[in-house]
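Here are a few exercises on aromatic rings, each with a worked solution. Have a look at the model, then work through them in order.

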2 protein chains.
Amino acid sequence: MSLSRRDMIAAGAALAALPAAARAVRPPNIILIVADDLGWGDLGCYGSPFIRTPHLDRLANAGVRMTDFYASANVCTPSRAGMLTGRYPIRTGLAHEVITVKDRHGLPLSEVTIAEALKPGYATMLAGKWHLGHAAPHWPPMVHGFDAFAGIPYSNDMRPLSFFRSRADGTLAEEPVVQERLTDQFFDAGIDFIRASAARPFFLMLTPSAPHIPLRPGKAFAGRSDAGSYGDVVEELDAAVGRLVAALKGAGLERDTLILFTSDNGPWFEGSAGPAQGRKGGAGWDGGYLVPLIASWPGTLRPRVTDAIAMNIDLLPTLCTLAGAPLPPVTLDGRDLSGVWRRGAASPHEQLILFNNERVAALRTPRWKFVGRSYYRSYNVPLAAIGYPLLFDVTRDPGETINLAARQPEVMADLSARFIAARDSFEPLGLRQVPDFLPSAS
Amino acid sequence: MSLSRRDMIAAGAALAALPAAARAVRPPNIILIVADDLGWGDLGCYGSPFIRTPHLDRLANAGVRMTDFYASANVCTPSRAGMLTGRYPIRTGLAHEVITVKDRHGLPLSEVTIAEALKPGYATMLAGKWHLGHAAPHWPPMVHGFDAFAGIPYSNDMRPLSFFRSRADGTLAEEPVVQERLTDQFFDAGIDFIRASAARPFFLMLTPSAPHIPLRPGKAFAGRSDAGSYGDVVEELDAAVGRLVAALKGAGLERDTLILFTSDNGPWFEGSAGPAQGRKGGAGWDGGYLVPLIASWPGTLRPRVTDAIAMNIDLLPTLCTLAGAPLPPVTLDGRDLSGVWRRGAASPHEQLILFNNERVAALRTPRWKFVGRSYYRSYNVPLAAIGYPLLFDVTRDPGETINLAARQPEVMADLSARFIAARDSFEPLGLRQVPDFLPSAS
């Protein structure tokens with residue numbers, strides 16, 4: 001099916017579909033950097049008091065910084081599935097937890113990734129962590145539209161871990177992993193790809209394993225930050241971004257290239273969710289989902305900070321628009337953010353749905369947050385079902401501390417209905433049901 | 001056994017044990033107010049931007065406000081057991097979760113409560129929620145040293161719920177509960193007790209059910225706050241404290257009375273933990289344990305804000321000291337805070353232990369926080385045992401975001417050893433073991 005979709009997006013179609021204004025210029029190169037478990041609050045430009053990220057701050061200050069950008073899941077595999085396909089992860093079959101070493105499934109070949117959607121106009125590469133399946137036929141990333149791959153199949157705490165590098169013939173060469181060198185290896189591979197890609201537009205997806213544990217900074221960064229090993233690896237990541245930008249400049253491509261930076265979910269046991277509560281894996285609360293989004297495109301995007309609500313599922317349609325590529329013929333949940341980035345337009349979303357595994361956990365609108373599911377100790381608590389749904393005015397109360405459910409009956413009626421509609425629409429797509437356990441009252 | 005302890009603390013002993021300076025004056029009346037599930041950040045004087053608490057703010061501004069005061073557990077029953085006995089709750093057999101309606105156990109009669117320790121010098125009353133067992137012989141609070149009781153046996157979300165009022169003969173009269181009137185009922189009973197207690201020093205323990213759910217503000221407060229039903233009930237609680245203080249003044253007792261205000265654990269699904277992360281029931285993180293502590297004693301305690309580490313187990317020894325009562329002949333974990341309150345002395349603790357059920361979850365020292373156990377989704381994760389213990393410099397990083405374990409090997413060696421020692425010393429006291437489940441890596 002992947003092949004048939006590619007056939008549909010025939011060579012000429014992409015350019016023919018370009019809007020008139022865009023057709024005149026070459027579509028931008030695109031670099032999408034996705035950190036692993038980096039918190040919203042762990043970059044200087046997002047207010048970290050401890051971690052120095054001058055290169056990312058420079059990109060943010062010169063470009064667009066989004067304050068209300070969500071990952072499409074609170075853990076890695078579904079979030080990446082959502083980002084790559086432009087669809088809520090539950091549509092891809094990957095909503096449940098993360099893929100483990102023993103799992104034999106992966107991103108279905110029927111899904112259209114950003115890399116596939118940008119074909120044939122773009123040269124494409126994935127440098128970094130994949131984590132969307134590492135058993136045939138779902139693996140390697142080259143079966144999903146990436147011309148080249150240099151990276152690891154899953155998280156850097158999963159064993160055995162190997163570094164794979166694609167050969168010209170599509171086979172993979174395996175190299176041992178040295179954790180301390182991973183960030184450099186990923187970025188080196190990406191920089192090599194940039195230098196080799198002058199002939200046509202390229203899409204480089206750079207997915208470092210930092211700052212996922214284990215935290216193993218390279219020699220030059222070990223102990224250098226003011227924020228422990230976590231700070232070291234984030235600062236190392238920032239420095240690698242600096243190298244990448246310098247390489248772009250060196251290749252004369254800076255103004256032709258859109259650089260995006262985000263994270264796959266909120267922070268785990270370390271790292272800061274900023275003013276949000278909750279963390280990676282915690283159902284419903286913003287801290288598991290809110291991540292940085294920086295969009296830098298010198299000469300095209302003017303400096304802007306926006307609180308438009310958005311999600312990583314928006315990247316596929318946005319990048320298709322910017323590249324002049326047609327949208328894939330599938331149900332997309334993501335929307336085009338180019339107006340937000342270019343003109344500061346309002347969010348194209350009336351609402352965003354936050355999932356916890358196969359369950360709808362929360363809804364976000366521009367002003368409100370409805371939390372219908374959370375964890376308490378070892379209990380997965382269906383708050384909406386036990387008569388205790390939560391409504392927060394997140395524009396005023398980003399920490400989600402003051403429940404306005406009783407005070408805003410009209411908003412509650414609206415959001416409750418939307419929550420039920422989302423549940424009825426999406427949860428049947430789930431692969432398996434996770435049982436509920438009610439906590440004993442206390 | 002309770003009786004024999006009371007015998008030991010014979011009538012004359014208390015006064016004979018008074019230090020010379022204290023013997024000259026009548027020991028202070030003591031009012032200990034304990035909110036239910038109120039967060040550290042939910043009072044104006046602790047920085048709430050949403051909830052107005054002028055009466056509590058006034059007590060705090062005129063007295064001592066502690067910024068680093070911990071509940072002895074992250075849920076209600078063990079925290080109250082620790083507070084009442086001056087001992088880590090695991091010594092009392094009540095470390096595990098909370099007592100539910102069907103449970104038949106309670107605070108052992110062998111335990112010495114603050115009320116018992118202050119006998120016979122003090123008239124004593126509990127007005128509010130008990131939640132330390134409601135089956136004979138552990139119930140009612142009168143078997144634990146309280147002369148009188150007016151309140152509810154457990155949390156206000158447990159059914160069936162009745163309001164009990166003790167008669168002079170020690171029996172209980174039962175009244176139906178009207179949630180909207182509970183706060184007023186508790187405080188009315190306390191104020192009646194104050195007015196009837198001019199003859200000798202009194203100890204009034206006031207344990208409102210607010211702001212535990214269900215949140216049912218009284219008519220005068222419903223919709224009045226700027227912070228939903230949660231804000232309404234907290235503001236109602238604050239107003240009730242104002243009525244109490246006015247009644248004290250009216251009785252001419254203001255300068256003879258120490259008023260304490262705290263909470264039994266961090267906030268649950270609503271409410272703010274201030275800069276801390278985590279909430280009620282969440283293992284290890286400060287948000288489950290950090291609570292306000294206000295100590296007001298006009299003419300005796302001067303205005304002071306202190307970051308001395310302390311815990312509600314300190315109240316028993318502190319109150320014994322201030323009352324000139326001998327310490328009960330049991331193993332106490334709490335320490336006397338009177339020097340901290342009077343002179344701004346350093347904390348009497350080298351460390352505080354934070355428990356999650358029967359498990360040691362974390363250690364706090366004046367500067368450091370060691371987290372050895374946490375929850376991730378439905379998993380109870382023994383971080384220390386899986387090689388990922390967390391060390392935070394909470395004086396600089398109260399949100400516990402930057403793990404300094406790798407950066408501070410000497411501190412880690414010290415705290416790891418203390419953590420193991422605490423585990424080895426306390427966990428065998430646990431009634432039952434809760435199995436560990438490791439999360440799959442992601």
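**Exercise 1.** Find which residues ring pairs link into a cluster with Trp268(A).

*Solution.* Start with the rule: rings of Phe, Tyr and Trp (its six-membered ring) pair if their centres lie within 6.5 Å. Ring pairs then join Trp268(A) with Phe269(A), Tyr376(B) and Tyr388(B). Next, look over the face of Trp268(A): Lys280(A) is there, 4.3 Å from the ring centre. A charge counts as over a ring if NZ of Lys or CZ of Arg is within 6 Å of the ring centre and within 35 degrees of the ring normal.

Before you go on: this is a predicted model, where local features need pLDDT of at least 70, side-chain atom pairs need pLDDT 80 or more, and totals for chains, interfaces and linings use all residues. Residues are numbered from 1 along each chain as written, chains are lettered from A and ligands numbered from 1 in written order, and side-chain values use heavy atoms, without hydrogens and water.

**Exercise 2.** Classify the pair of Phe163(B) and Phe186(B) by its planes.

*Solution.* The centres are 5.9 Å apart and the planes at 20°, so this pair is stacked (planes under 30 degrees apart; over 60 is edge-to-face, the rest tilted). Now place the rings: Phe163(B) is in strand 5 (residues 162-166) and Phe186(B) in helix 7 (residues 182-195) of chain B, so the pair ties together parts 23 residues apart in sequence. Strands (E, at least two residues) and helices (H or I, at least four) are DSSP runs numbered from the N terminus. Finally, Phe163(B) is buried at 0% relative accessible area, and Phe186(B) is buried at 0% too; buried means under 20% (1.4 Å probe, protein chains only).

Terms used
Buried < 20%, exposed > 50% of the residue type's maximum accessible area, 1.4 Å probe, protein only.
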